[in-house]
Amino acid sequence: MGNADSKLHFRKAVIQLTTKTQPVEASDDAFWDQFWADTAISIQDAFALVPAAEIRAVREESPSNLATLCYKAVEKLVQGADSGCPSDKERQIVLNCTRLLTRVLPYIFEDADWRGFFWSNVPGAGRAGCLDPDDDSDDARPLAESLLMAIADLLFCPDFTVRGHKKDGPESTEDIQSMDSCEYIWEAGVGFAQSPPHNYLHDLNRAELLKLLLTCFSEAMYLSPSTSDSRNPWVSFFCSTDDRHALPLFTSLLNVVCAYDPVGYGIPYNHLLFWDQREQLVELAVQILVVTLEHEVDPAAATALDQLETPGSPFAPDDHEPSGPENLFVNYLSRIHREEDFGFILKGIARLLNNPLAQTYLPHSTKKIQFHQELLTLFWKLCDFNKKFLFFVLKSSDVLDMLVPILFYLNDARADQSRLGLMHIGVFILLLLSGERNFGVRLNKPYLVRVPMDIPVFTGSHADLLIVIFHKIITSGHQRLQPLYDCLLTIIVNVSPYLKSLSMVAANKLLHLLEAFSTPWFLFTSAQNHHLVFFLLEVFNNIIQYQFDGNFNLVYAVIRKRSIFHQLANLPTDTAAIQKALQRIRKSPPAVSRAGSTEREAMEGSRPAAPAEPGTLKASLEATPAIDKLTEKSQVSVDGTMVTLKNRSPTQTAADTSAVAAASDTESNSEHDHEAVQSESGRRRLSSTASSSAVWRATPDWVLLWKAKLPLQTIMRLLQVLVPQVEKICIDKGLTDESEILKFLQHGTLVGLLPVPHPILIRKYQANASTTMWFRTYMWGVIYLRNVDPPVWYDTDVRLFEIQRI
């Protein structure tokens, strides 16, 4: 009954606030205390008892009352931070104010006239952080800064959010303000060796404060992408030297995420028996990290940061970059350098990403986490901001612990339009990794751990897994994935010079993609489609020139499908042929044979990728930058160093731009095993996406321009040498079994017969304004959709993206 009375009392106070037409004085403590001193409401109660319509009504009709409510709530938080919350009543007041502000802030942000309210100077808010109505100091602190400072202090408040070192805790303002919060880091890990005992009440209180902090940062949601400034003032201040808790808080958030183990001791169904308070804290911690780790465009001197560092700190000064961004979180992240810290971070993120993949004999017996999109974004920022971490990830096979779950999520989400952002972040990470030689080398490790996916069963390496899944995405994903085709093929191009032995399944998948993309009707329907053929030809050239010895499966597949290359060399360029090819799009394609395809039974326990369920919400995304905007081209020199090249189009940067040798089509005419491998559904899907450019038309001059640059010389020379040898063996020995031919190819050589090897060309990811905005939109869209209990931003007027119902 007491709880019901408390809710009723709180609801009456809300009604009084919304019905009062006259401003209520800030000094009327009896009225304002109804909202936090005399009640005990949960965060869910705050959202249920303070309806959105009433918040908007107060904002429009009694703005002074809403302003006073916010001011008084912040004042209570500042007082609680100063006193250290020694009593239960003070802690309850702090929690009530936290929940109330979490509820109200989004409605402040959605109104442009109110957005500057928290950044206006409040009389009596001195730079010391305290709110004193009798203090008329000119050196006033904006309300936002007072709020953020109070939250930071409260996140390290002994016996409230951290375990006090002294039994009674600090008893005076001097003690709480002078204590070293680095001694109160929440979890062992980077820069902190002791693991404090878990206290579920502390975790709950931290989560409440972090949710309010995330709500403060969410002002970015209410600015349109075109007007959204790169600097979020809330994030800028919180991650500046004004926040004395920046280092311990960054370390606490990172360690809490990377140390979290949802499985625990592995007791089956333990997540059904016990409520895991740590999961909510971890989820909010990773969301705070991905929001705060935004590179700011204005560099500032890092002297203040250097003063915060101590000898033996895990955050080493950056010798190559004397000045860095003002954002201390980005600075700390970029300066982690100890291998044990890198190992802790990588192991923790890999453990969490692999968690949903884990299979047990007891169905649903293991706890499955849901925040893998936030983890992928955090991993992206780690690799992007800290190159030492990227090199650490790639120096051992541990990178494969990240690769497998990323490929799993890509395969699982390919048919679901609501998870388009997940597809992008996964591909962007692989594009970033593929720019480094070590990634391609690591892919040669055999793939033995069978994660259940609906892909053909194969025996091979992680490179085979990557190619098979990319093929699946292209051939059976939804239409909106087409902008990613360039990225997917660029990844394969980047790793291809290092792939020692592809399986027959992967080799046939590559040939299948080339056949699908090289059909005349597809090449002539878009000004960009021929780039996909150039990428695939570059893959074949890289493997043949640099890894011929072990790739007999691919060489055999090229010989079997040699008609594809001859047809490309003899691609018609006259107007009549172009028109005839385009007319095929409008006609229903005939049934085709799949005899030559390598589809096999799916892996045991796999499930096909399903589209989004009706009613699923999704957040819109910014347009995907073109591949030439996403990457810069580097050439690998003889000594292994990278030389950056000037960006040009994919056609101009093909591995071999020499003119195509005149190839006779007599061989392709005698080809008996040719079959069209483009399925009817795939043909229709490609034609519908490719024909989107209605104005552009293919011309003979345009076709001749890029056809002359097709890098077919190496492949044609290989066919010229090997096809007669293979045919002779088959005739002489009467072979009908491909295993004998594979043996012959396995021990063959083309030394001295192929053209001079072309230089290896790597397309490395490069950050730019377009990708920065894409990540911001994606990140906030994920946070919006993930925070449903309570629904912090639901039904507010967000402008950074659109919420759509599928």
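## Exercises on a predicted model

Phe342 is buried, its relative accessible area being 3%. Keep this residue in mind, as it returns in Exercise 3. The structure above is a predicted model, and the exercises below walk through parts of it.

**Exercise 1. Get an overview of the chain: how many helices and strands does the chain have, and what share of its residues count as buried?**

Solution.
- Start with the secondary structure: there are 36 helices and 9 strands in the chain.
- Next, look at burial. The chain has 806 residues, and 57% of them count as buried.
- Then turn to the surface. About 33500 Å² is exposed by the chain, with carbon and sulfur atoms supplying 53% of that area.
- Now consider contacts between residues at least 6 apart in sequence: 80% of these join residues at least 24 apart.
- Finally, check the confidence. Mean pLDDT for the chain is 81, and 79% of the residues reach 70 or more.
- Two stretches to read with care: pLDDT stays under 50 over residues 133–138, where the model has 4 contacts beyond four places in sequence. It also stays under 50 over residues 297–311, for which there are 24 such contacts.

**Exercise 2. Describe the surroundings of His424: is His424 buried or exposed, and which residues does His424 touch beyond four places in sequence?**

Solution.
- Locate the residue first: His424 sits in helix α20, which spans residues 420–434.
- Check its accessibility. His424 has a relative accessible area of 3%, so it counts as buried, the cut-off being under 20%.
- Look for polar partners. A polar atom of the His424 side chain is 2.9 Å from the backbone oxygen of Leu420.
- The side chain of His424 also makes a polar contact of 2.7 Å with the side chain of Thr624.
- Complete the picture with the neighbours: leaving aside residues up to four places away in sequence, His424 touches Leu484, Thr624 and Trp774.

**Exercise 3. Work through two aromatic pairs: which parts of the chain do Phe109 and Tyr222 tie together, and where do Phe342 and Phe392 lie?**

Solution.
- Begin with the total, which comes to 35 aromatic pairs.
- One of them joins Phe109 and Tyr222: the centres are 6.3 Å apart and the planes make an angle of 45 degrees, a tilted pair.
- Place both residues. Phe109 is in helix α6 (residues 88–109), while Tyr222 is in the loop between α9 (200–217) and α10 (233–238), so the pair ties together parts 113 residues apart in sequence.
- Both are buried: Phe109 has 0% relative accessibility, and Tyr222 has 1%.
- The second pair, Phe342 and Phe392, is tilted as well, at 5.6 Å centre to centre and 45 degrees between the planes.
- Phe342 belongs to helix α16 (residues 339–354) and Phe392 to helix α18 (residues 387–394); the pair links distant parts of the chain, 50 residues apart.
- Phe392, at 13% relative accessibility, counts as buried.
- Returning to the first pair, Phe109 and Tyr222 are also members of a cluster linked by ring pairs, together with Trp114, Phe117, Phe118, Trp119 and Trp234.

**Exercise 4. Check the cysteines: how many disulfides does the structure hold, and how far from Cys157 is the nearest cysteine sulfur?**

Solution.
- The count is 0 disulfides.
- For Cys157, the nearest cysteine sulfur belongs to Cys85 and is 4.5 Å away, and Cys157 is in no disulfide. The cut-off for a disulfide is 2.5 Å between the sulfur atoms.
- Check burial too: Cys157 is buried at a relative accessible area of 0%, and Cys487 counts as buried at 1%.

Technical notes: Residues are numbered from 1 along each chain as its sequence is written. Side-chain values use heavy atoms; hydrogens and water are left out. Helices (H or I, at least four residues) and strands (E, at least two) are DSSP runs, numbered from the N terminus. Buried means under 20% relative accessible area, exposed over 50%, partly exposed in between (1.4 Å probe, protein chains only). A polar contact is a pair of N or O atoms within 3.5 Å; within protein, one must be able to donate a hydrogen and the other to accept it, and residues adjacent in sequence count only if both atoms are side-chain atoms. Contact means heavy atoms within 4.5 Å. pLDDT is the predictor's confidence in each residue, from 0 to 100. Accessible areas come from the Shrake-Rupley method with a 1.4 Å probe; for residues, only the protein chains shown count as cover. Rings of Phe, Tyr and Trp (its six-membered ring) pair if their centres lie within 6.5 Å; planes under 30 degrees apart count as stacked, over 60 as edge-to-face and the rest as tilted.
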